[in-house]
Structure formats: C-alpha cells, structure tokens
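Trainee: Let us go through the ligand site, then the helix packing.

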Amino acid sequence: MSTFKAPKGTYDLLPPDSAAFLAVREAIAAPLRNSGYGYIETPGFENVELFARGVGESTDIVTKEMYTLTTKGGDNLALRPEGTASVLRAALEANLHKAGNLPVKLWYSGSYYRYERPQKGRYRHFSQVGAEAIGTEDPALDAELIILADQAYRSLGLRNFRILLNSLGDKECRPVYREALQGFLRDLDLDEDTRRRAEINPLRVLDDKRAEVQKQLVGAPMLRDYLCDACKAYHEEVRELLTAAGVAFEDDEKLVRGLDYYTRTTFEFVHDGLGSQSAVGGGGRYDGLSEMIGGPALPSVGWALGVDRTVLALEAEGVDLRLPATTDVFAVPLGEEARRTLFGVVTELRRAGVATDFSYGGKGVKAAMKAANRSGARFALVLGERDLAEGVVQLKDMASGEQEAIPLAEAVAVVRGRVG
Ligand code: HAM
C-alpha cells in the first residue's frame with residue numbers, strides 16, 4: 001500500500017468489477033443512440049453561477065454540496081454536481097437550438113461531484129449517463145425518455161425497479177399551489193430550519209423523511225388539486241402513452257426532486273434492494289431552465305441514471321455482468337529466441353483481430369502456464385527451442401489439455417480458423 005488512499009467518499013473501479021460499469025454505461029447509451037440522441041461532452045467544471053441559477057440557490061446541491069474553487073485567474077468554478085445545466089449551456093452557446101431541428105436530443109456519460117455524507121450508494125464522485133431533449137413541448141417526448149430508460153434497465157436484466165411519476169405544474173399553477181402550501185405550513189409546529197425551508201422551497205418540506213414532520217403533513221394541500229387544465233391534460237397524455245407502451249408506473253404526488261428547475265413531468269426510478277439510497281435514476285421536464293440561465297424559452301425534458309447505483313441494484317438482484325474473459329490465445333515463449341519470434345506472431349494475431357496476450361518477464365514454463373490459465377484463454381501457443389528448430393509451434397487447447405504441433409509459418413491462419 002502507498003501512503004495515499006482514494007479520497008473520502010470515492011472509490012476506484014478495478015477489474016474484474018469494472019466490466020459491469022462499462023456494460024451498464026453501454027446498455028443505457030444503446031437505446032438513446034438508437035433513438036436520435038447525439039453524444040455530447042462538456043467540461044468537468046463550469047462557472048459556479050451556472051449551477052447556482054440553474055439548479056437553484058435553495059437546493060442542498062448548491063448550498064452544501066458543490067466543490068467550488070477560485071482559479072489563479074480569479075474565476076469562480078464548481079466541479080459539476082449534475083449534467084443538465086451544463087448540457088443546456090453548451091447547446092445554447094453553440095446555437096444548436098437555432099439549427100431548425102427541434103428537439104435537440106443529446107446524451108452524455110461522465111463523472112459528477114457532490115460533497116455529500118458518504119454511505120453505500122452515495123458518493124462524492126459518481127457516474128451518470130444522461131439524456132436531454134431540448135426545445136420541444138410534447139408529452140410523447142417525456143414518454144419516450146421514460147420508455148428508453150425502462151428499456152435500458154430491462155436490457156441489463158434489472159427487474160425490481162419501480163417508476164414514480166408526478167407533475168409539478170407550470171408557472172401558472174405552481175405559484176398558486178406554493179402559496180396555499182406555505183399558508184398550511186406556517187400553522188405547523190416546525191423547527192427553525194424547516195420553517196426557513198418552507199419559506200424558500202415549501203415543496204421540499206413534503207419530502208421530509210422525519211415521522212414528526214410527516215405526521216403534521218396529513219391534510220396538506222396537494223399539487224394535484226391545483227394543476228391547471230393544460231398541465232392536467234399534458235400529464236394525462238404522458239400517462240396514457242406510457243400505459244400504451246406497457247411501461248408500468250406509480251403516481252407519486254409527493255415526488256419532489258432535489259433540483260429546482262423542474263416543471264410538469266417529474267419521475268424517479270427506484271430500486272427496492274438498495275436501502276435508503278434507492279433512486280437509481282431521475283429526471284423530468286424543465287421548461288424554464290433556459291430562461292433562468294439567460295437563454296430563450298426552450299421547453300425541455302431529460303433524465304440521468306446513476307451508474308454506481310445501477311450496478312448495486314444489479315448486484316442486489318444477483319445479475320452478474322462480469323463478462324467472460326476476452327483473451328482467446330495466450331502465448332508462452334520458452335527461451336530468448338522463441339520470445340522474439342513468438343512476440344511477432346502475437347502482434348500478427350492481434351492485427352488479425354484475435355484477442356491475444358503474452359507471457360512477459362521471462363517466466364518459466366510452469367509460471368507461464370499458470371498465467372495462461374488465469375487469463376481464461378481457450379488456447380495456449382507454446383514455442384520452445386526445439387519447436388523453433390523444427391519450424392512448428394504447439395497449440396494447446398486449455399479445456400481438454402490436447403496439444404498439437406502446427407507449422408510456425410501458418411500459425412496465424414490456423415489459430416484464426418480455430419478461434420473463428
Ligand atoms: P439526480 O436525481 O440528482 O438528477 O441524479 C440522478 C441520479 O444520479 C440519481 O438517481 C442517482 O442514481 C445518481 N446520484 C446522484 N447523486 C449521487 C451520489 N452522491 N452518489 C451516487 N449516485 C448519485 C440529476 O442529476 C438531473 N440532472 C437529472 C436530469 C436530467 N433531469 C433532467 N435532465
């Protein structure tokens with residue numbers, strides 16, 4: 001061990017477990033690529049103001065969880081705590097929305113940073129794959145995104161997840177509800193912090209996990225009863241499209257997300273095998289975000305799925321994504337000259353598309369064969385001094401133990417045929 005450890009709240013991805021992370025990222029991306037989403041990559045940090053305005057000044061993410069820094073040049077930056085504000089910033093900056101082809105559909109995959117209290121499933125550095133559809137108000141777009149996430153999870157073999165669905169209303173009806181809720185909350189017996197939250201972001205109080213708060217919330221005005229006709233119709237259409245697609249969901253009128261930009265459709269994917277950090281993914285519509293960061297009106301919708309938690313959910317269900325060994329052939333040279341010749345064969349095999357590894361470090365035959373075994377290769381290609389003199393190489397089937405001498409000059413063609 002060195003003097004250093006991975007920083008608190010972070011962990012390293014190591015083989016063979018890292019294979020599951022790659023598989024999850026690919027499985028989430030595949031349906032997006034197949035549905036008109038283009039890949040976008042933005043910097044790992046942004047001006048802190050983008051998140052303050054975008055994600056919301058009153059959210060935990062902005063007030064407590066951002067990694068901020070001031071550069072030598074005096075810029076105030078933050079490591080990105082989420083992807084939506086950055087993706088919208090980038091799309092606006094590049095005028096993607098003016099290319100005349102709305103919605104602009106983008107997907108991304110990367111690292112995000114939140115200074116949270118670490119526990120299982122909650123880290124300070126974590127990984128998301130996300131999708132954003134920018135510039136169009138259409139319930140089918142909301143439905144599309146939820147259907148694609150469902151498809152991604154199912155393709156991985158995940159089963160025990162649920163989709164929670166809600167509507168948060170729009171700039172017409174939400175303020176009316178907000179006021180009604182605030183009136184209700186002012187009459188309750190709440191601690192100082194919660195009172196303050198009720199004034200800044202009353203919907204978050206509904207989300208309070210404490211029993212003494214929940215008890216008092218019985219009878220609180222519900223947003224559902226305040227939705228305007230347009231929001232109601234929109235939400236009903238999303239629900240019908242999901243039902244028609246055979247995607248099961250649960251209406252959860254208490255679903256309030258931890259970011260301020262949401263309007264109308266909001267949803268979360270939760271997995272019951274994960275304990276308290278049960279949200280494997282989440283998202284929703286954010287019709288006002290573009291204007292909040294200085295852009296034109298661009299109604300949009302998106303989600304991000306957590307790769308770390310999806311891997312934990314798969315583990316909880318006993319789905320093993322550690323793919324079988326990828327090495328087909330393991331080459332074992334015995335002696336200096338054999339080493340040079342066999343290394344040449346290995347290079348040619350690789351160029352011919354055969355997954356090949358080599359015994360390095362001048363190991364003896366026993367240690368080398370052990371390494372061949374560990375690699376999971378189907379064949380070992382063993383070249384000794386005598387083989388070399390005879391112009392052959394030994395091809396050993398690792399499963400049966402059978403061995404045959406093949407002409408060295410034809411080794412690449414023969415092995416390629418066998419591996420085929
Ligand atoms: P979010 O709900 O904050 O939404 O994060 C999405 C997912 O990222 C969570 O469901 C969870 O799986 C994972 N995640 C979040 N924080 C952590 C953490 N500390 N450790 C491990 N995993 C974590 C967003 O980020 C929005 N930008 C989603 C969105 C896209 N909305 C519209 N478009």
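Ligand site and helix packing

Trainee: How far is the side chain of Thr84 from a nitrogen atom of the ligand?

Mentor: A polar contact is a pair of N or O atoms within 3.5 Å. An N or O atom in the Thr84 side chain pairs with a nitrogen atom of the ligand at 2.9 Å. This is a predicted model, where local features need pLDDT of at least 70, side-chain atom pairs count only at pLDDT 80 or more, and totals for chains, interfaces and linings use all residues. Residues are numbered from 1 along each chain as its sequence is written, side-chain values use heavy atoms, and hydrogens and water are left out; the Thr84 distance is 2.9 Å.

Trainee: Which residue has a polar backbone atom 3.0 Å from an oxygen atom of the ligand?

Mentor: For Arg257, a polar side-chain atom is 2.9 Å from an oxygen atom of the ligand. The backbone atom, at 3.0 Å from a ligand oxygen, belongs to Ala279.

Trainee: Which strand gives the largest share of the shell around the ligand?

Mentor: Strands are DSSP runs (E, at least two residues) numbered from the N terminus, and helices are such runs of H or I, at least four. Strands 6 (125-134), 10 (279-285) and 11 (300-306) each supply at least two shell residues. The largest share, six residues, is from strand 10.

Trainee: How is helix 5 oriented to helix 10?

Mentor: Helix 5 (residues 139-155) packs against helix 10 (residues 229-244) at about 40 degrees, axes 9 Å apart (lines fitted to C-alpha atoms over the stretch in contact; angles run from 0 to 180 degrees between N-to-C directions). Angles under 35 degrees count as roughly parallel, over 145 as roughly antiparallel, 65 to 115 as roughly perpendicular and the rest as oblique. Helix 5 is therefore, relative to helix 10, oblique.

Notes
A polar contact is a pair of N or O atoms within 3.5 Å; within protein, one must be able to donate a hydrogen and the other to accept it, and residues adjacent in sequence count only if both atoms are side-chain atoms.
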